[in-house]
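Reader: I would like to learn how to read a structure with you, one feature at a time. Could you show me the general idea first and then the case in front of us?

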Amino acid sequence: MTETSEHLPPAPRVPAGDSAASTIGASKVYGMGDTEVHALRDVTVQFETGRFSAIMGPSGSGKSTLMHCMAGLDRLTAGEAYIGSQALSALSDKALTMLRREKIGFVFQAYNLIPTLTARENITLPLDLAGSKGDRGWVDEVIETVSLTDRQHHRPSELSGGQQQRVAVARALASRPAIIFADEPTGNLDSRSGAEILEFMRRAVDELAQTIVMVTHDPVSAAYSDRVLFLNDGRIVHEIADPTADSVYDTMRALGD
Amino acid sequence: MFSATLKSIRGHVGRTVATAAAVILGISFLAGTLIFTDSVQRAFDDLFATVFETTDAQVRSAETIDVGFGLEIRSRISQSVVDEVAAVDGVAAVDGFVQGTATVIDADGEPIGNPGQGPPTFGFSWTEDDELSQFTVADGREPSGPGEVVLDETTAETGNLQVGDRVRILTSSGSEEFDLVGVARFGTSGSIGGATTALFELGEAQRVLAAEGQVDAIGVRAESGLTEDEVVARVAEVLADDLEVITGTEATDEAQSAVRDGLSFFTIFLTAFAVIAIFVSAFVIANTFSILIAQRTREFALFRALGAARGQILSSVFVEAIIVGLAGSLLGVGLGIGLSFGLRAMLEGFGLELPSGGLVVLPRTIVVSLVMGTLVTVASALFPAIRAARITPVEALRESSAEAWQRNNVRFFIGIVIVALGAVAILFGLLAPEIGLAGLGAGVMFIGVFVLGPTIARPVARWLGMPIAALRGTTGKLARENSMRNPKRTARTAAALTIGVALVAGVTVLASSLAKSIEDTIGEQFVGDFVVDSGAFGPGGGFSPALTAALSELEVAEVVTGIRVGIGEIEGDGDFFSVLDPQTAFEVFDVGVIEGTAADLTDDAIFLFDDRAEDLGVAVGDSVTVKFPDGRDRSLTVAGLYTEPALAGNQAISQGLYESTGAEQLDLATYLLVADGVVFDEARAAITEVTDQYPNATVQDRDEYIETQSESLDLILNLIYGLLGLAIIIAAFGIANTLRLSTIERTREIGLLRAVGMTRAQVQSTIRWEAVITALFGAILGVILGLFFGYAIIFALRDQGVSSFDVPIAALGLVVVLAAVVGLVASIVPSIRASRLNILEAIATE
């Protein structure tokens with residue numbers, strides 16, 4: 001269908017640079033009065049196109065909230081989040097849904113798939129929901145990339161945890177989104193399956209120029225990324241480029257002190 | 001454990017209300033039926049209690065003919081008895097009373113009331129003695145001689161007739177105009193329960209109601225100081241053996257119990273629908289409880305892990321069922337009060353006038369409703385509760401609470417056996433005939449389908465969902481998959497709708513077949529060209545034979561014959577008699593006479609339906625004993641036999657014979673064969689000119705007549721559809737309940753779909769089409785069962801002249817479409833709810 005960007009009103013302000021997603025002064029407050037919780041405090045951040053970024057931080061640091069608000073799953077209390085140059089606060093629920101469908105891919109920690117659909121149907125779900133035929137060749141290529149060609153007509157219950165998560169990654173890639181948000185994508189997997197998933201994501205960035213933002217608490221996972229942001233108490237407190245597991249681990253320890 | 005149950009109920013108010021909705025609706029129908037019939041009964045009781053207040057005794061013939069259906073005809077007595085009774089010492093006043101049929105024509109020239117499908121149309125004599133009189137003049141004066149009439153207040157108002165008007169009244173003696181000299185009230189009511197009443201001075205009443213020198217009963221008022229029993233004893237001494245006298249109190253009791261008998265059919269009829277509603281509710285409750293318990297598997301397992309015994313889990317579910325049942329029943333009684341007004345409005349909409357009085361809520365109504373509602377709820381929760389108690393603590397660890405599906409051949413086989421048992425019970429019940437057994441069989445068949453359903457729901461849902469998946473894309477496909485993923489749930493949800501649809505489809509098939517049989521029968525057996533029809537079906541309706549006589553004078557008509565229905569006993573059995581003019585009747589009717597000729601039906605002869613003759617063990621030439629309302633035993637010779645009873649009934653006699661019995665003579669219809677060479681339009685014009693004086697007679701050609709005869713079924717059919725509507729509404733609540741619970745179960749799934757780009761409208765569409773598939777599954781099973789029910793009944797009636805089995809494809813298709821609409825409507829609230837869920841919370845749900 002053609003329910004594309006005509007639903008999206010013009011952006012009020014265009015964030016600087018070639019960023020796939022960004023926030024300016026993002027704040028998120030839950031509750032009111034005495035029970036007020038500041039999940040995000042004035043966060044301004046950019047995620048460049050074609051890069052693999054990781055967000056780390058302890059529980060309650062605001063890393064998931066930041067990701068949810070940037071992905072259009074939640075709304076900021078103050079400030080603005082952008083996908084490309086599109087400001088999210090101006091969008092209706094319907095326009096946000098369209099944006100998620102067309103511009104954003106998701107990989108969650110668990111329960112990523114619809115049990116009644118086959119692997120392939122799960123992968124093409126965002127395309128099918130949009131009523132678009134998609135690019136069959138591309139879908140096949142993605143399925144090939146995640147090594148699911150011979151399992152694509154199986155239902156999730158017939159796949160292993162690692163295979164299920166590969167289906168989820170393939171789904172995120174299938175619609176060629178501007179950005180993929182991954183929320184602890186290896187959290188439920190054994191280390192071998194987890195490494196496989198992270199390698200696929202790395203290749204998607206390197207070979208397909210995909211942009212990925214991943215929330216994780218695992219230094220080994222974070223080491224697959226190009227850049228790691230550290231959040232604490234709703235603020236970005238540190239950032240390292242080209243991380244290794246050791247450098248991430250050291251930073252975490254340093255921040256923990 | 002008990003406080004945990006209470007907390008569970010309080011914590012899930014929405015869920016509890018949803019379960020209770022089925023109880024509330026089912027019980028409201030039961031309570032509404034009881035309240036309504038009790039109220040009507042009380043109103044009639046009050047009415048008749050005042051009517052005979054001042055009557056101390058009533059003298060009448062001891063001879064009665066009872067044909068069932070509360071229809072009893074009593075012989076008239078000689079007017080000379082009036083003077084004999086008046087002469088008895090202690091009798092202060094007497095009143096000779098005459099009654100018959102009289103149709104009042106309104107100011108617009110239309111007949112008021114149709115005894116064929118409503119309350120009777122009475123003609124009465126006016127009682128001179130003010131204290132004995134049941135009527136009191138409200139306007140004008142009493143009738144005092146020839147050409148004068150008084151109408152009951154309701155009829156005068158309905159017909160827009162005022163004192164001083166000329167009013168046309170049709171009786172067995174003809175069509176005449178009278179001066180309306182007064183308007184009267186019956187006791188405290190405007191009419192006798194909606195009947196029309198024309199009151200004449202006694203002599204005039206005897207003339208127009210064909211009762212010269214006779215009265216139907218004599219009212220007696222005793223001198224003060226004399227008890228009812230004393231005056232009855234004194235009057236009894238002067239009476240001949242064939243007369244009897246009863247006290248005023250007995251007269252009141254008889255009138256009240258006659259109404260009660262008349263209403264009892266009505267009460268049974270409505271109660272049958274209340275039982276259906278409760279049965280459907282039970283399915284909905286059972287299904288809701290089993291889904292709830294499946295979803296609470298972890299909760300129960302946790303209780304078990306914490307040391308709760310099986311019995312405690314069991315009683316916790318029971319306590320919840322009892323609370324839901326009691327609360328639902330109480331609310332149901334409240335709603336039933338409202339529904340009793342709805343029932344009244346509905347029946348009055350169908351032309352049934354009922355006296356109104358206070359609302360009667362007997363303690364019995366409340367007790368029956370509470371006990372029924374609670375029992376049904378607890379019984380419905382029984383199996384789910386036992387399943388809940390079997391839950392082991394380990395099951396808490398399992399990921400999915402949804403019931404897994406596996407092919408189950410044992411279940412399929414058991415289901416088939418139960419369905420077959422039910423079918424056999426229905427056939428035996430219908431052929432016996434034992435209606436209770438047939439009803440039980442229907443219930444057993446529904447239970448069989450309930451057992452069978454889960455084994456066929458999956459393939460059927462796949463098949464039904466095919467066009468939806470093809471047309472609606474991903475949402476259609478998801479809807480189809482969702483309706484297939486838990487076949488037990490889909491089948492059980494659909495089962496409630498299956499019951500309603502099966503009954504609607506069965507009634508539709510039955511009505512269509514009856515209509516076709518009527519059309520076929522009349523088409524084959526009536527060979528005339530025109531019919532002048534009164535619209536009445538039996539005694540107490542019709543038009544004067546004078547109309548038939550006038551039609552006979554017409555030159556355009558070659559043959560003119562009037563048909564009457566008489567009442568009598570043949571070998572002690574009360575039954576209807578076809579009353580014919582032997583010279584003409586057989587020229588327009590072909591009833592398959594196999595022995596005898598028209599000339600053989602003399603005034604001391606009878607023709608019998610051959611099966612009837614066989615039952616009586618008589619053949620042509622034998623004689624049978626027959627008694628008509630004059631109380632005389634007559635020996636009639638069996639002079640002929642016929643094979644088609646649809647028009648001629650079980651037995652036929654000549655008009656000459658029936659006229660000699662003194663019974664009221666009214667032609668139900670007159671049939672004409674047009675003379676050769678006469679143009680039909682010309683014939684119609686000539687006939688219509690004659691019938692102008694008789695507004696209750698309509699002129700129809702053969703095709704029109706055949707059509708209207710089958711239309712007479714529509715009224716009762718619509719009433720049944722209306723009453724089955726509630727069962728369908730309950731089923732809709734069941735579908736809504738299941739969808740609500742299923743979407744709660746799929747919260748995370750819906751959250752994921754929303755996250756990857758499903759719009760709210762698409763979420764709603766998915767749930768909507770799932771509801772449609774579920775409803776279609778129920779409807780299709782229902783139509784199959786309904787076809788069987790309809791066929792079984794037609795099969796059982798095959799000897800009663802019901803020859804055709806007709807499957808009304810269009811009507812059944814409409815039933816299926818309407819069922820799909822019911823599914824759509826049921827999905828509105830759950831689908832909106834599901835589409836509004838918070839995506840983040842949904843994804844985070846464990």
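Author: Let us begin with a pair of strands, keeping in mind that this is a predicted model. In chain B, strand 11 and strand 12 pair in the antiparallel sense, and the pairing runs over six bridges.

Reader: What do strands of a sheet pair through?

Author: Strands of a sheet pair through backbone hydrogen bonds, and the pairing is either parallel or antiparallel. For strand 11 and strand 12 of chain B, the connection is a hairpin that passes through two residues. If you look for a matching pair of residues, B:Thr171 stands opposite B:Gly174 in strand 12 of chain B.

Reader: Which other strands does strand 12 of chain B, residues 174–186, join through bridges?

Author: Strand 9 of chain B, residues 135–140, is joined to strand 12 of chain B by five bridges, and these two run antiparallel. Within strand 12 of chain B, B:Ala184 is the residue that B:Val137 stands opposite. Strand 10 of chain B, residues 148–152, is also joined to strand 12 of chain B by five bridges, but here the two run parallel. In that case the bridge partner of B:Glu148 in strand 12 of chain B is B:Asp179.

Reader: Staying with chain B, is B:Val104 buried or exposed?

Author: The way to decide is to count the C-beta atoms around the residue, where 20 or more others within 10 Å make it buried. B:Val104 has 28 other C-beta atoms within 10 Å, and therefore it is buried. This residue lies in strand 7 of chain B, which covers residues 103–104. Leaving aside neighbours within four places in sequence, its contacts include B:Ile112, B:Leu151, B:Val167 and B:Ala198.

Reader: How do I read a residue with a positive phi, and where is B:Asn160 placed?

Author: You check the angle together with the residue type, and then you look at the surroundings. B:Asn160 has a positive phi of about 55° although it is not a glycine. Its place is in the loop between helix 4 (153–158) and strand 11 (166–171) of chain B. B:Asn160 has 11 other C-beta atoms within 10 Å, so it is exposed.

In chain A, A:Ser147 is another case to read this way, since it is a residue other than glycine with a positive phi near 55°. A:Ser147 is found in the loop between helix 5 (136–145) and helix 6 of chain A. With 13 C-beta neighbours inside 10 Å, A:Ser147 counts as partly exposed.

Reader: In what order do the strands of the open sheet in chain A lie?

Author: The sheet has six strands, in the order 6-7-8-3-9-10, and their pairing is mixed. At the edges are strand 6 (104–107) and strand 10 (235–241) of chain A, each of which pairs on one side only. From one strand to the next, the twist averages 20°. Helix 6 of chain A, residues 161–174, packs on the sheet and touches strand 6 and strand 7 (179–183) of chain A, while its direction makes about 175° with that of strand 6 of chain A. As one pairing inside the sheet, strand 3 (residues 52–56) and strand 8 (residues 212–215) of chain A pair in the parallel sense over four bridges. There, A:Ser53 has A:Val213 of strand 8 of chain A as its bridge partner.

Reader: How many helices and strands are there in chain A, and why is the chain called as compact as a globular protein of its length?

Author: Chain A has nine helices and 10 strands. Its radius of gyration is 18 Å, close to the 18 Å that the globule rule gives for 257 residues, so chain A is as compact as a globular protein of that length. Of the 257 residues of chain A, 49% count as buried.

Reader: Finally, how many residues does each chain bring to the contact between chain A and chain B?

Author: Chain B brings 20 residues and chain A brings 21 residues. On the side of chain B that touches chain A, helix 12 (435–485), helix 22 (747–755), helix 23 (760–796) and helix 25 (839–844) of chain B each supply at least two residues. Helix 12 of chain B gives the most to that side, with six residues. Sorted by class, the side of chain B that touches chain A has nine nonpolar, six polar and five charged residues.

Notes. Residues numbered from 1 in each chain as written. Chains lettered and ligands numbered in written order. Predicted model: local features only at pLDDT ≥ 70, side-chain atom pairs only at ≥ 80, totals over all residues. Pairing = 2+ DSSP bridges. Axes fitted to C-alpha atoms, helices over the stretch in contact; angles between N-to-C directions. Contact = placed C-beta atoms within 7 Å. Rg over C-alpha atoms; globule rule 2.2 N^0.38 Å. Buried ≥ 20, exposed ≤ 12 C-beta atoms within 10 Å, placed from the backbone. Nonpolar A, V, L, I, M, F, W, Y, C, P; charged D, E, K, R; others polar.
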